[in-house]
Amino acid sequence: MTIVPSVCPLDCPDTCSFDVTVEDNKVVKVRGSTANPITRGVICNKVSRSYPEFVHGDGRILTPLKRVGPRGKGEFVEITWDEALDAVRERFTDIIDEFGSEAILPLNYAGPHGMLAGGSMDMRFFHRLGASRLHRSAMCGGIKSTAFKATLGPVGAMQPEQIVHSKLIIVWGNNVTFSNLHLAPLIKEAKKKGAKLIVVDPKKIKIADQADMYLPVKPGTDVVLAFAIAAELERIGALDEAFMAEHVKGADEYLSAARELTIEEASDICGISVQDIQSVAELYASTNPAVIAMGNGLERNQNGGNGVRAILGLPAIAGKFGVRGGGVIGGAGNLFPKTSEKLTRPDLLPKETRTLNILDVGRHLDEDDLDTPLKGVFIYNHNPVIVAPDQNQMKRALSREDLFIVGSDVVMTDSMRYADIVLPASTHFEHDDIFCAYGQPYVQRADAVISPVGQSLPNTEIFRRLADRFGFNEAPFKATDEELMDEALDGADPRFEGVRPSQIPVGTAISMEKELGEVILFKNVFPKTPSGKIELLSDELGEKFGQRKISYNPLKSEYPLTLISPSSNKLITSTFGGLKQNDAAPTLEMHPLDAKARELSSGDKVRVHNELGEVFLELEVTEAVRPGVLCSPKGFWFKTTDNDQTVSALAPTTKADLCEGACYNDARVEVEGVN
């Protein structure tokens with residue numbers, strides 16, 4: 001039995017460091033290590049509890065498979081790697097000969113986010129093939145990052161460790177306990193020093209129990225709440241006129257928009273009392289340093305981008321930047337010296353190809369609405385029938401018999417059951433990789449801790465072999481994993497102190513802040529926008545999305561209830577959904593007033609429905625959600641349902657104000673009891 005270092009690759013901002021206990025080439029225990037200073041040896045229960053079964057359990061795909069039954073039923077026979085790769089080459093070649101290379105689409109997202117497994121040799125392969133390209137960030141994170149970049153530029157903002165120096169912390173749309181675990185102890189440390197905590201969220205998340213104020217904002221109205229706070233700051237004389245004059249573009253337009261609603265009107269729209277809006281403004285005005293820690297939850301609606309921009313406007317008009325522990329937490333991804341084009345090689349494209357929004361793939365396949373139809377899809381690092389909005393359309397799309405579907409995954413997900421050919425992928429414990437977090441400033445590297453399970457292969461090797469089958473013999477397809485790591489990051493960056501990325505010692509973490517000590521906006525880092533200022537008026541967003549000014553667009557629906565689908569304490573998106581411990585369906589949380597109006601009680605089985613689908617869940621009546629709001633977590637698999645529909649079936653494919661991003665929390669539904 002040995003204990004070896006590793007890193008968590010899952011879709012979470014924290015990117016924890018691991019100590020992995022290995023016995024007889026099996027992962028038997030996963031615990032946190034202290035290599036990453038942020039994670040401090042603590043990891044979430046779902047990871048420590050789930051990984052051994054995930055790696056070695058019954059759901060593991062051990063050999064290449066060929067479909068022999070109806071799509072979605074999971075009926076396969078084992079085949080050899082040679083047979084599988086030949087089948088992919090033959091069918092893809094036939095499709096390209098008849099329809100052109102754009103008829104092929106890689107349908108991948110963010111399963112593992114090690115840089116090699118997440119997008120390296122695979123992207124080289126699809127670029128060289130000339131396949132359609134995919135706009136992936138629209139599904140999650142793209143709205144927030146687009147708003148952040150347009151407002152502040154591609155800079156790093158305050159990193160999590162600084163929060164211990166904050167005197168006021170506003171956690172806004174950030175489910176810290178489940179989605180940003182290691183921020184919680186830092187907030188606790190700050191509170192011990194006297195810091196005040198405000199939590200803004202339509203659901204009373206766990207950290208709200210520690211809050212001095214909890215604001216149950218209506219989903220999709222964050223921009224209105226931010227405007228109301230801004231207008232109140234102006235009313236009480238709390239604006240930093242000198243800072244705005246020197247460092248803010250569009251402050252007048254921002255404040256003008258904030259004044260368009262009275263505080264009473266804003267209160268009615270966002271569901272926060274006038275008194276609470278005033279109290280937050282007074283506390284924000286009088287407390288320094290003050291920081292806002294935004295999550296991704298508030299972006300998932302049609303006003304998501306403008307909500308982020310409006311919130312970023314608050315420290316700008318109140319002059320909260322320039323001090324340790326002040327401003328906003330975020331922008332960690334901008335600290336890393338990534339060299340993405342060297343890694344993914346878009347220059348290999350034989351010609352410029354179209355880019356499809358990941359949110360539209362279900363429609364394109366189901367309705368066959370493209371000039372060059374999609375005829376071949378390669379699903380990997382993704383579970384689209386579980387996570388895509390309008391789930392029923394995605395199921396119809398992947399049920400087409402004229403569509404050739406290749407799948408590659410670690411376990412037999414609901415999406416893999418639709419594939420014609422399934423390729424067994426290795427977990428990150430079975431190959432080397434390098435990791436750049438998006439919620440903190442540390443680069444880490446990990447070696448394989450066990451050899452590949454069964455006949456599984458790392459993503460890099462799968463696509464090397466495919467490239468060879470297609471006759472792609474150029475040097476980029478011969479690159480080793482070590483060479484790919486060195487092409488992923490700029491090894492000449494002084495923060496690496498002459499160490500090549502591929503040679504970063506395992507069990508260590510290199511800070512991308514160390515040149516500066518700590519990132520402090522307007523002290524040692526400044527905006528990288530076209531104007532060099534905080535841009536609350538964005539020419540770029542005006543040109544791309546018609547959103548030069550920050551605005552609010554009310555959502556209209558015939559359905560009375562809003563369904564939000566946040567993360568849970570059991571899954572990472574849909575990862576671990578196949579494990580026995582996640583066989584049970586999640587509950588639906590509903591406020592007592594809404595339950596009473598429908599004559600419903602805790603424990604009742606209810607039908608949640610709209611024009612897109614219907615989901616059957618057990619009801620939990622609770623004041624943890626505000627009136628008019630329902631909550632049921634995302635990511636659960638079809639085995640938990642009566643009708644192969646989960647909450648994603650109820651989510652619309654409408655687009656947000658920025659990035660053409662997803663609007664999961666714009667799901668409007670009705671609920672009724674089931675006899």
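Here is a quick tour of the protein chain, from its overall build down to a handful of residues.

The model is predicted, so local features are given at pLDDT of at least 70 and side-chain atom pairs at pLDDT 80 or more, while totals for chains, interfaces and linings use all residues. Residues are numbered from 1 along each chain as its sequence is written, and side-chain values use heavy atoms, with hydrogens and water left out.

**The whole chain**

The protein chain holds 21 helices and 27 strands; these are DSSP runs numbered from the N terminus, with helices being H or I of at least four residues and strands being E of at least two. Its radius of gyration is 25 Å, close to the 26 Å that the globule rule gives for 675 residues, so the chain is as compact as a globular protein of that length. That radius is taken over C-alpha atoms, and the rule is 2.2 Å times the number of residues to the power 0.38. The C-alpha trace spans about 70 × 70 × 55 Å along its principal axes.

Of the 675 residues, 61% count as buried (under 20% relative accessible area; exposed is over 50% and partly exposed is in between, with a 1.4 Å probe and protein chains only). Contacts, meaning heavy atoms within 4.5 Å, often link distant parts of the sequence: among those with a separation of 6 or more, 76% join residues 24 or more positions apart.

**Asp 481 and helix α18**

Asp 481 is found in helix α19 (residues 481-488). Which side chain does the side chain of Asp 481 make a polar contact with? That partner is the side chain of Thr 460, at 3.0 Å. A polar contact here is a pair of N or O atoms within 3.5 Å; within protein, one must be able to donate a hydrogen and the other to accept it, and residues adjacent in sequence count only if both atoms are side-chain atoms. Leaving out residues up to four places away in sequence, Asp 481 also touches Leu 116, Asp 432 and Arg 464.

Thr 460 and Arg 464 are both among the buried residues of helix α18 (residues 459-469), along with others including Ile 462 and Phe 463. After α18 comes Gly 471, with a positive phi near 80°.

**Two more buried spots**

Thr 344 sits in helix α14 (residues 340-344). Its C-alpha atom is 8.5 Å from that of Ala 488, although the two are 144 residues apart along the chain. Beyond residues up to four places away, Thr 344 touches Gly 119, Ser 120, Met 123, Arg 124 and His 127.

Arg 400 lies in the loop between α17 (391-398) and β16 (404-409). Its side chain makes a polar contact with that of Asp 402 at 2.9 Å. Outside its neighbours within four places in sequence, Arg 400 is in contact with Arg 71, Leu 365, Leu 374 and Lys 375.

Here is how some residues score on relative accessibility:

| Residue | Relative accessible area | Class |
|---|---|---|
| Asp 481 | 17% | buried |
| Thr 344 | 17% | buried |
| Arg 400 | 14% | buried |
| Thr 15 | 2% | buried |
| Arg 40 | 44% | partly exposed |

**Backbone oddities**

Most residues other than glycine have a negative phi, and most peptide bonds are trans. Thr 15, in the loop between β1 (2-7) and β2 (17-23), has a positive phi near 50°. Arg 40 also has a positive phi, of about 50°, and its place is the loop between β3 (26-32) and α1 (45-56). The peptide bond from Asn 288 to Pro 289 is cis, with omega near -5°, and Pro 289 lies in the loop between α12 (274-286) and β12 (290-294).
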